[in-house]
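Reader: Hi! Could you teach me how to read the pockets of a protein and the place where a ligand sits?

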Amino acid sequence: MDWGMKNRLASILSPKSGRCVMLAVDHGYFQGPTSGLQKPGETVAPLVEHADALMLTRGVLRSTISADVRIPIVLRASGGTSILQDDLSDEDRHVDIQDAVRLNVAGLALSIFVGSKNERRSLTNLAKLCDEGQQYGIPVLAVTAVGKEMVRDARYLGLASRIAAELGATIVKTYYCEDFEKVVAGCPVPIVIAGGKKIEERDALKLAYDAVSAGASGVDMGRNIFQSKWPVQMIQAVRGIVHEGKTADESWDWFQHAIG
Ligand code: 5RP
């Protein structure tokens, strides 16, 4: 691995622990003005100091994030569908590598749709992005997006995660599921988990704890942080689990105390 690639990767995953709390705010790329992200710059401002990396689109980056903010950027490079479509797998790569370099990103992210009718296209897009990422020293985060009809179990998520790694992804983002150890065991690159739909804070902390206990390298979490009534305390509580070895209960106690 070349120095640039190593350096960018080390800015996302802690070189000491290999862990990461990434804040995902890219939802608007297919959901439009997602609840909590109507003004993404305002949402993100108090959270960046607690995040190891920020995942978002170039439009939101350019228009709402100040260039002097010191946070590694993981740039979403795929899109092309909206929630109005039944089939969300009809995505393509929409950011070229020169633009990623201009934006000084630490990583690029692209969704793959294993099992969908656009499986082959999304996997080919991933492989090409990984080629270009290698050429320019930019790690690629593969997002194992799931369609409505896909079962989020260890067999399916393990399959999608392994394929992503085989095609060259540097990090895989997937969902937590039962037997998550099997997903991690079958994937030779670090895995971070998405949080999914907003759930109770205590449950989201348990989700993060269960994931890292099963071998995840951390989280790439969005709605369970920015849709919380207490987003700053929530991201700190997640950090407690990912970086400080707190249990779900310890982190929940900390959170309750922090929100008073
Ligand atoms: C969508 C994404 C989102 O970033 C992802 O879902 C993470 O956010 P959340 O924790 O809200 O699920 O990649 O494909």
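Author: Happy to; we will go from the ligand to its pocket and then to a second pocket. Keep in mind that this is a predicted model.

Reader: Thanks! How many residues surround the ligand, and which are the closest?

Author: A good start is to list the neighbours of the ligand. Here 14 residues surround the ligand, and the closest are D26, H27, K173, G222 and R223. Sorted by class, this shell holds five nonpolar, four polar and five charged residues.

Reader: Which atoms of the protein lie 2.4 Å, 2.7 Å and 2.9 Å from an oxygen atom of the ligand?

Author: For polar contacts, look for pairs of N or O atoms within 3.5 Å. D26 places a polar side-chain atom 2.4 Å from an oxygen atom of the ligand. In the side chain of R223, an N or O atom is 2.7 Å from a ligand oxygen. G195 takes part through its backbone: a polar atom there is 2.9 Å from an oxygen atom of the ligand. As for cover, the ligand on its own has 360 Å² of accessible area, and the protein covers 95% of that.

Reader: Which pocket does the ligand take up?

Author: The ligand takes up space in the largest pocket. The volume of this pocket is about 960 Å³. Its lining has 39 residues, and those closest to the centre are F30, L88, V146, R152 and Y175.

Reader: And which elements give two or more residues to that lining?

Author: You can trace the lining back to helices and strands. For the largest pocket, the elements giving two or more residues are α2 (28-31), β7 (140-144), β8 (171-174) and β10 (218-221). The most comes from α2, with three residues. By class, the lining has 14 nonpolar, 13 polar and twelve charged residues.

Reader: How much space lies in the second largest pocket, and what lines it?

Author: We can read it in the same steps. The second largest pocket holds about 340 Å³ of space. Of the 17 residues lining this pocket, I71, I73, L103, N104 and V105 are the closest to its centre. Both α1 (3-12) and α4 (58-64) supply at least two residues of the lining, and α1 gives the most, with four.

Reader: How do the residues of that lining divide by class?

Author: The lining of the second largest pocket has ten nonpolar, five polar and two charged residues.

Key
Residues are numbered from 1 along each chain as its sequence is written. This is a predicted model: local features need pLDDT of at least 70, side-chain atom pairs count only at pLDDT 80 or more; totals for chains, interfaces and linings use all residues. Side-chain values use heavy atoms; hydrogens and water are left out. A residue is near a molecule or strand if one of its heavy atoms lies within 4 Å of it. A polar contact is a pair of N or O atoms within 3.5 Å; within protein, one must be able to donate a hydrogen and the other to accept it, and residues adjacent in sequence count only if both atoms are side-chain atoms. Accessible areas come from the Shrake-Rupley method with a 1.4 Å probe; for residues, only the protein chains shown count as cover. On a 1 Å grid over the protein atoms alone, a cavity is a set of points where a 1.4 Å probe fits but cannot get out, and a pocket is an open set with protein on both sides within 12 Å along at least five of seven lines; lining residues have an atom within 4 Å of a point. A molecule sits in a cavity or pocket if more than half of its atoms lie within 2 Å of its grid points. Ala, Val, Leu, Ile, Met, Phe, Trp, Tyr, Cys and Pro count as nonpolar, Asp, Glu, Lys and Arg as charged, and the others, Gly among them, as polar. Grid points are joined across faces, edges and corners, and a volume is the space filled by probe spheres set on the points.
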